[in-house]
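Q: I'm new to this one. Can you walk me through it, starting with the words you'll use?

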Amino acid sequence: GESYGTTTARLGQDSQYTFGNCSLSLHPAKDQPVASITSGYIYERAAILEYLLKKTQELKQKQLEYDRWKQSQEQQLLMEQDKKRKAEMEKFETAQKVVAAKKQRVEVNPLNRTSYWLAQSQPERTSSRTPPPTRPASPNSQRPLRRKDLVELDLKWNSDDQVVCAISEKSITTQQALALIPKVSGDKQKNNNNKAQVVLEQVYSDLGNDKICPVTGRKIAKILKLQKGGSSFASSGGIVEAKQYRPTMT
């Protein structure tokens with residue numbers, strides 16, 4: 001069977017995205033390619049799902065650590081409040097003894113002596129911590145990424161391992177490409193192929209931006225701009241250190 005191993009690669013400021021490559025493994029996304037509807041980056045399904053699973057597990061661990069930290073902070077706060085309350089009570093009792101001895105009024109705020117919940121009686125929190133996010137972030141855009149944010153692509157390749165436009169069959173390298181996401185219909189036979197067709201924006205525009213896919217004849221539900229080839233990972237707000245998920249034979 002095939003499994004995915006993880007390696008780490010340092011991406012320089014000039015590291016560029018090759019259109020059609022999986023943005024995690026950095027090789028042509030020929031095995032069940034999908035695109036993120038939030039960023040337009042392309043991934044192989046197995047690689048991005050493994051990444052999301054791993055990051056979700058990491059976030060759960062971070063949440064447990066945060067919950068433990070928060071509980072310890074609350075316990076510390078209660079202990080400090082109790083200590084403060086006892087100190088205020090001792091101060092109050094001492095003042096009462098002085099009053100009884102000297103038979104004179106002591107100028108103190110009786111409410112403040114016992115009301116340890118007042119603002120000036122509250123101990124200050126000396127440390128703070130931000131709770132972890134609830135969802136894993138995209139490895140490229142750093143925005144939250146969910147499994148349902150992935151759409152299947154029907155990528156067509158030439159002999160040079162370049163993706164070609166599904167309409168014109170021209171190679172897509174640095175031009176703007178679109179994913180034409182089909183509308184889900186009541187026809188089960190049509191829904192067997194819900195993959196988005198990938199086309200050049202200029203070619204689609206020249207055809208009049210029809211709401212019917214010129215490749216499949218299906219109604220288009222959404223048009224997704226895919227990340228352009230030749231763009232820098234760093235300039236697009238992406239990662240500088242990439243976790244690469246490479247297929248390994250086992």
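A: Two strands pair if DSSP finds at least two bridges between them. Strands (E, at least two residues) and helices (H or I, at least four) are DSSP runs, numbered from the N terminus. This is a predicted model, where local features need pLDDT of at least 70, side-chain atom pairs count only at pLDDT 80 or more, and totals for chains, interfaces and linings use all residues. Residues are numbered from 1 along each chain as its sequence is written, and side-chain values use heavy atoms, with hydrogens and water left out.

Q: Which residue takes a positive phi in the hairpin of β2 and β3?

A: Glycine 40 does, with a phi near 85°. The hairpin has 5 residues between its strands.

Q: How many bridges join β2 to β3?

A: There are 3, and the two strands run antiparallel. One pair to look at is valine 34 with its bridge partner in β3, tyrosine 43.

Q: What else does β2 do? Which way does the pairing of β2 and β4 run?

A: That pairing is antiparallel too, over 3 bridges. Alanine 35 has valine 151 of β4 as its bridge partner.

Q: Are the faces of β2 covered or open?

A: Both are covered. Pro33 and Ala35 sit on one side, Val34 and Ser36 on the other, and all are buried. Buried means under 20% relative accessible area, exposed means over 50%, and partly exposed is in between (1.4 Å probe, protein chains only).

Q: Tell me about serine 36. Why does it count as buried?

A: Because its relative accessibility is 0%. Serine 36 belongs to strand β2, residues 33-36.

Q: What does the side chain of serine 36 reach?

A: The backbone nitrogen of serine 39, at 3.4 Å. That is a polar contact: a pair of N or O atoms within 3.5 Å. Within protein, one atom must be able to donate a hydrogen and the other to accept it, and residues adjacent in sequence count only if both atoms are side-chain atoms.

Q: Which residues does serine 36 touch?

A: Leaving out residues up to four places away in sequence, serine 36 touches Tyr41, Tyr43, Leu145, Asp149, Leu150 and Leu224. Contact here means heavy atoms within 4.5 Å.

Q: Switching to helices. What span should α1 have?

A: Helix α1 covers residues 45-102, 58 of them, so at 1.5 Å a residue it should span 86 Å. Its end C-alpha atoms are 84 Å apart, which agrees. The expected span is 1.5 Å times one less than the number of residues.

Q: Which residues of α1 are buried?

A: Among them are Ile48, Leu52, Trp69, Leu77 and Ala95. Polar ones on the list include Gln73, Gln81 and Glu88.

Q: And alanine 46: why is it partly exposed?

A: Because its relative accessibility is 30%. Alanine 46 is also in α1. From C-alpha to C-alpha, alanine 46 and valine 34 are 9.7 Å apart, with 12 residues of separation in sequence.

Q: Now β8. Why is it largely enclosed?

A: Because 5 of its 5 residues, 196-200, are buried. Ala196, Val198 and Leu200 point one way, while Gln197 and Val199 point the other.

Q: Which way do β4 and β8 run?

A: Parallel, joined by 2 bridges. Aspartate 154 stands opposite glutamine 197 there. Strand β7 pairs with β8 in the antiparallel sense over 4 bridges, with leucine 178 matched to valine 199.

Q: How many residues does the largest nonpolar core have?

A: It has 38. Those with the most contacts inside it are Phe19, Ile48, Leu153, Ile172, Val198 and Leu226. Strand β7 gives the most to this core, with 5 residues. A nonpolar core is a set of buried Ala, Val, Leu, Ile, Met, Phe, Trp, Tyr and Cys residues joined through side-chain atoms within 4.5 Å.

Q: What does valine 198 touch?

A: Its contacts include Phe19, Leu153, Ile172 and Leu226, not counting residues up to four places away in sequence.

Q: Last one, the big picture. How many helices and strands are there?

A: The protein has 4 helices and 10 strands. Of its 250 residues, 34% are buried. Among contacts between residues at least 6 apart in sequence, 70% join residues at least 24 apart.
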